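These are my notes from a session with the structure shown below. I looked up confidence, domains, the contact between chains and a single residue.

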Amino acid sequence: MSNQDNTINVTARMKEQQVGKTNKSIIIIIIVLIVLLIAFSATTFTVNEHQQTVITRFGEIKKIIIDPDIYNGQNAYDNITVVEGKGLFFRVPFIDKVEQFDSWLYTYVSDSELVNTSDKKQYYITMFAQWRIADPVKFKVTHGTTVKASNYLDNLIFPAIIQNINELGAVDFISDKTMLNEALISAQNSINATVRVGGIEIRDMQVHRTILPTGNLESTYERMIANRAKEAQRLRADGDKTYQQMVSAADREAREIEAAAVEESQQIKGAGDAEALATYAESYGVDSDFYSFWRSLEALQYSFKEGSTLVLDENHPLWRDLLGWITPEE
Amino acid sequence: MVGVLVGIVLIVALFSFYRVKEGENAIILTFGEVTDTKVTAGLYWHLPIIQTVKVQSTTEIYTFEYGYRTTQTGTTTSAAQYNDVDEEAIMLTGDSNIVRVEAIYQVMVNDVEKFFYEVDDPFGTLRYAFETVMRRNIQNKTLDVALLKKQSIELEVYPDFKSLIEDVYNIGIDIKEVKIQNIVVPPEVSAAYEDVNNAKNEQTRKLDEGERYGNEVVPSSEAKAYKMIQDAEAYKAETIANANGEVAVFNAVYEKYVLSPEITRKRLFIETIEDIMANADQKYIVSSGSDVLEFLPLETQDTTTIRGGDTGE
């Protein structure tokens, strides 16, 4: 029994020993790995897609890693190695200091500022620019950080823009796309000549907001209102005029119609009279003597109305005949 | 122990699988550098730690609002709510007037690498660029054109904006659409604009009134004229008929007269006198001598005798 126990104990101990050995070797492996990892990270660094790098040794710039598409350090530096590319790079640990700069475009946005055009009109403009670090060496030496660079640009871009706008008339500045573009490009060129020294490049500048000062805004509203009032008045006056014209035209037409009718009716009446006269003449002309007798009788009859007073001379033929009969011989 | 290690490695390897969905592009960065691009959908694997993956949709449409913001999107039970953004919306026109512009633009990412690495803030750049283009295309219009030609302004803004973003900035963004929602006058002056509309309506009303007046006056005159002519025609017919009638009477009398002129003449005369006398109230026969003969009072009761020169009894 005890022998068996011993055998079991021995095997267990041996197993324990083996496990201890593997444990140790795994720990060693892990330690080695960690050391390797530390060594790896101490001797390497990565340059991201949007980055460029400056490596200094004891404060002296030794090497730069750049993107050839945007690099603008025309004259290569004598003591500086220029490397193109991105990704994994090596360095001497503890000695090489790695500094990363962005290579992508930064957006600079200005405050709203007052500008004068050549004809003394005032506008508030806001503008933005796209700039980037085209030469990390100069940039590092001159500005160091993008915050400082932004400040620097603020003090530089505005005067240049304002100066270029000062030379434009208000109409050109506001409405002429090409004139403004030319002014902006010329401002951009002059700024670029200056900022190149600090490793900066302006890619594009735009005035994205132009608005009137508040006081002018008020007066503009007033002018717009006055202008519309004028138009409203014109429309109303025009309406009145048209109405009057239509009324008088209608009146004229009415009177013309009536006048024509008067003329026509007179003609008709005249024709009637003429025909009647012709009829009379034709008939009465047969015996004008009898006609005058007959017509006189008619006139007589017509002129004595009922209730008239009649006075006849005794010598009137009527009596004469009658009396002649009554007293035939006197 | 080894098993644990292997397990860890396996788990890490398993979590290093990634999916690119339909309509997405992925860029693979090895030590920060773009080394690969996946443009087709599928399951891919990348090296853990060393490689990272950035996935971006290239089919999603991003809509940006200009001049206003939707604060609450509409639902089936409530209307959408908007806030005006005055500093964006208020614009100058070429003739120094002010308009309010509200617009949207829609974009898609078409180049993932450029989208991520060309500028620090691609959508911010987009906003400034749009404002630049939008304002320039309003500033070279007169107020009237700006208010009325929304569509043609849209057609100018779109290519300007597209070429600025795609050619100048080249930030991997594709401009799909520019839509101007509204170009209106500011509320400060809208009353005056409404008054012009009122004036236009009044003008139209005046025109209608004028037309109505004409429609009233002319037909009335036409009626008058018609009556006048009818009257004249009636007069004509009457006159002629009278003439014919009189002539007929005359002719009839004349026919008799011709048979015995002397007698007829007398008869006619006496008949006429008879008529007259029958009608007369007072009748006197005056002697041309000194005496006045009294005539028999035939009808009147008070008969007066008048003697020449002597009045009374």
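Before taking any distance between domains, I noted that the domain bounds come from an automatic or database domain assignment. I also noted that this is a predicted model.

**Entry 1: domains of chain A.** I read the assignment for chain A as domain 1 (2-44), domain 2 (45-102) and domain 3 (106-211). I then looked up how far apart the C-alpha centres of domain 2 of chain A and domain 3 of chain A lie, and found 29 Å. To their contact, domain 2 of chain A contributes 14 residues and domain 3 of chain A contributes 10 residues. On the side of domain 2 of chain A that touches domain 3 of chain A, I found at least two residues each from strand E2 (51-57), strand E3 (60-66) and strand E6 (96-102) of chain A. I sorted the residues of that side of domain 2 of chain A by class and recorded nine nonpolar, three polar and two charged.

**Entry 2: one residue of chain A.** I located Val83(A) in strand E4 (residues 81-84) of chain A. Is Val83(A) buried or exposed? I entered Val83(A) as partly exposed because 13 other C-beta atoms lie within 10 Å, and the partly exposed class falls between 12 or fewer for exposed and 20 or more for buried. Setting aside neighbours within four places in sequence, I found Val83(A) in contact with Lys63(A) and Ile65(A). Ile65(A) is 18 residues from Val83(A) along the chain, and I noted 4.6 Å between their C-alpha atoms.

**Entry 3: the contact between chains.** I recorded ipTM 0.70 and pTM 0.71 for the model. The contact takes 89 residues from chain B and 90 residues from chain A. Among the elements giving two or more residues to the side of chain B that touches chain A, I listed strand E2 (24-30), helix H4 (122-139), helix H7 (187-259) and helix H8 (261-279) of chain B. Which element gives the most to that side of chain B? I found H7(B), with 41 residues. By class, I noted 43 nonpolar, 23 polar and 23 charged residues on the side of chain B that touches chain A.

**Entry 4: confidence in chain B.** I noted an average pLDDT of 86 for chain B, with 90% of the residues at 70 or above. Among the elements of chain B, strand E10 (residues 98-109) has the highest mean pLDDT, 95, and strand E12 (residues 282-286) the lowest, 69. Over residues 295-313 of chain B, I found pLDDT below 50, and this stretch has 16 contacts in the model beyond near neighbours in sequence. I added a caution that predicted coordinates should not be read in detail where pLDDT is low.

Key:
Residues numbered from 1 in each chain as written. Chains lettered and ligands numbered in written order. Predicted model: local features only at pLDDT ≥ 70, side-chain atom pairs only at ≥ 80, totals over all residues. Contact = placed C-beta atoms within 7 Å. Helix = DSSP H or I, 4+ residues; strand = E, 2+ residues; numbered from the N terminus. Nonpolar A, V, L, I, M, F, W, Y, C, P; charged D, E, K, R; others polar. pLDDT = per-residue confidence, 0-100.
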